[in-house]
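Here is a short set of exercises to work through with the model open beside you. Try each task before reading its solution.

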Amino acid sequence: MGRRIRGQEIKGKKTKDKQKCCIYLFCEGNTERIYLQHFENRIYNVKIIPVETGHTDALGIVKFAKQYIGKKPLNLELGDRGYCVFDSDPKSNTTISNVFNLLEGVREKGLHCIFSNPSFEVWFVLHFKDAPFGYDAKKMKQEAKRLLKGKFPDYCETTDIFEYLLCWQPDALKRAKLLYQRQSEVHDGVYCHECNPVTDMHLFIAYMKQVQERNRS
């Protein structure tokens, strides 16, 4: 018997037994990985696969991810995607425009990004309020810690807060979409150091919902 291709249904199997699509995470830090792994749940029915890149800069992460999917192509029909997750961080990502130019060339292969400016914590802040403008990464992290200290007095970058934030996620999505739209009108594209604050986490969640709907069909 020939080997079954991943995603191919076995005759007689129910829809719920179809192969899950895979979301590969190429993360800059632990905060992002810990939070995003929670999308592997019964709601979205996907498999989250964090991949260790050995890089902490955006360009290094994207180059690694490009090579990774070159050797192990994603199953686009099944819905596989890879996400490079990184912050603006002008110190380590001085050539941020090169990063997005490189990503543009591989989107058709399923490689995308989750971009935060100044840091991933802007997404956490948006669960409670509009994100403050002009903060650097350190100040944005401090703001997130301040907002979370009532529930997590010992909060740090590896504290798992996904379940706690979940009830406020609809508010965060509304604020993130509005912020993204407004920043797009002010800046020549949001993917730059100057566009602070911004996050495109709402685009990632929108794709997760697309996958969810596809699984129902």
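## Exercise 1: A histidine in a strand

H112 is found in strand β4. Please keep in mind that the model is predicted.

**Task.** Work out whether H112 is buried or exposed, and find which residues H112 touches beyond four places away in sequence.

**Solution.**
- Step 1. The relative accessible area of H112 is 15%. Buried means under 20%, so H112 counts as buried.
- Step 2. Leaving out residues up to four places away in sequence, H112 touches R81, G82, Y83, C84, L103 and R107.
- Step 3. One of these contacts, Y83, is also the bridge partner of H112.

## Exercise 2: The sheet around β3

**Task.** Establish the order of the strands in the sheet, then say which strands stand at the edges.

**Solution.**
- Step 1. Begin with strand β3, residues 81-87, where six of the seven residues are buried.
- Step 2. On one hand, β3 pairs with strand β1 (residues 22-27) in the parallel sense over five bridges. Within this pairing, L25 has Y83 as its bridge partner, and Y24 stands opposite G82.
- Step 3. β3 also pairs with strand β4 (residues 111-117), again in the parallel sense, over six bridges.
- Step 4. Follow the chain from β3 through helix α3 (residues 96-104) to β4, and you trace a right-handed β-α-β unit.
- Step 5. The whole sheet is open, has five strands with mixed pairing, and reads β2-β1-β3-β4-β5. β2 (47-50) and β5 (198-199) stand at the edges with a single partner strand each, so one side of each lacks a neighbour in the sheet.

## Exercise 3: Two ring pairs

**Task.** Classify the ring pair of Y24 and Y68 and that of F100 and Y191, and locate the partners in the chain.

**Solution.**
- Step 1. A pair of aromatic rings is described by the distance of the centres and the angle of the planes. The count for this model comes to 22 aromatic pairs.
- Step 2. For Y24 and Y68, the ring centres are 5.9 Å apart and the planes stand at 55°, so this pair is tilted. The partners come from distant parts of the chain, 44 residues apart: Y24 belongs to strand β1 and Y68 to helix α2 (residues 58-71).
- Step 3. Y24 counts as buried at 5% relative accessibility, whereas Y68, at 21%, counts as partly exposed.
- Step 4. For F100 and Y191, the centres are 4.9 Å apart and the planes at 50°, so this pair is tilted. F100 lies in helix α3 and Y191 in the loop between α7 (169-186) and β5, so the pair ties together parts 91 residues apart in sequence.
- Step 5. F100 is buried, with a relative accessible area of 9%, while Y191 is partly exposed at 26%.
- Step 6. Ring pairs also link a cluster made up of Y35, F39, Y44, Y83, F120, F124, F162 and F204.

## Exercise 4: Helix α8

**Task.** Check the length of helix α8 against its number of residues, and list which of its residues are buried.

**Solution.**
- Step 1. α8 covers residues 201-216, which is 16 residues. The expected span is 1.5 Å times one less than the number of residues, so α8 should span 22 Å.
- Step 2. The end C-alpha atoms are 23 Å apart, which agrees.
- Step 3. The buried residues in α8 are M201, H202, F204, I205, Y207, M208, V211 and Q212.
- Step 4. An α-helix has 3.6 residues a turn, so residues three or four places apart point the same way.
- Step 5. Look at Y207 once more: the charged end of R81 sits over its ring, 3.7 Å from the centre.

## Exercise 5: Backbone details

**Task.** Find where the chain has a cis peptide bond before a proline, and which non-glycine residues have a positive phi.

**Solution.**
- Step 1. The bond from N117 to P118 is cis, with omega near 10°; P118 lies in the loop between β4 and α4 (121-125).
- Step 2. The bond from N196 to P197 is also cis, with omega near 5°, and P197 lies in the loop between α7 and β5.
- Step 3. N45 is not a glycine, yet has a positive phi of about 55°. N45 lies in the loop between α1 (30-36) and β2 and, at 24% relative accessibility, counts as partly exposed.
- Step 4. D89, in the loop between β3 and α3, has a positive phi of about 40°. D89 is partly exposed, with a relative accessible area of 28%.

Technical notes
Residues numbered from 1 in each chain as written. Predicted model: local features only at pLDDT ≥ 70, side-chain atom pairs only at ≥ 80, totals over all residues. Heavy atoms only, no water. Helix = DSSP H or I, 4+ residues; strand = E, 2+ residues; numbered from the N terminus. Buried < 20%, exposed > 50% of the residue type's maximum accessible area, 1.4 Å probe, protein only. Pairing = 2+ DSSP bridges. Right-handed = clockwise from strand over helix to strand, strands pointing away. Phe/Tyr/Trp six-rings, centres within 6.5 Å; stacked < 30°, edge-to-face > 60°. Lys NZ or Arg CZ within 6 Å of the ring centre and 35° of its normal. Contact = heavy atoms within 4.5 Å.
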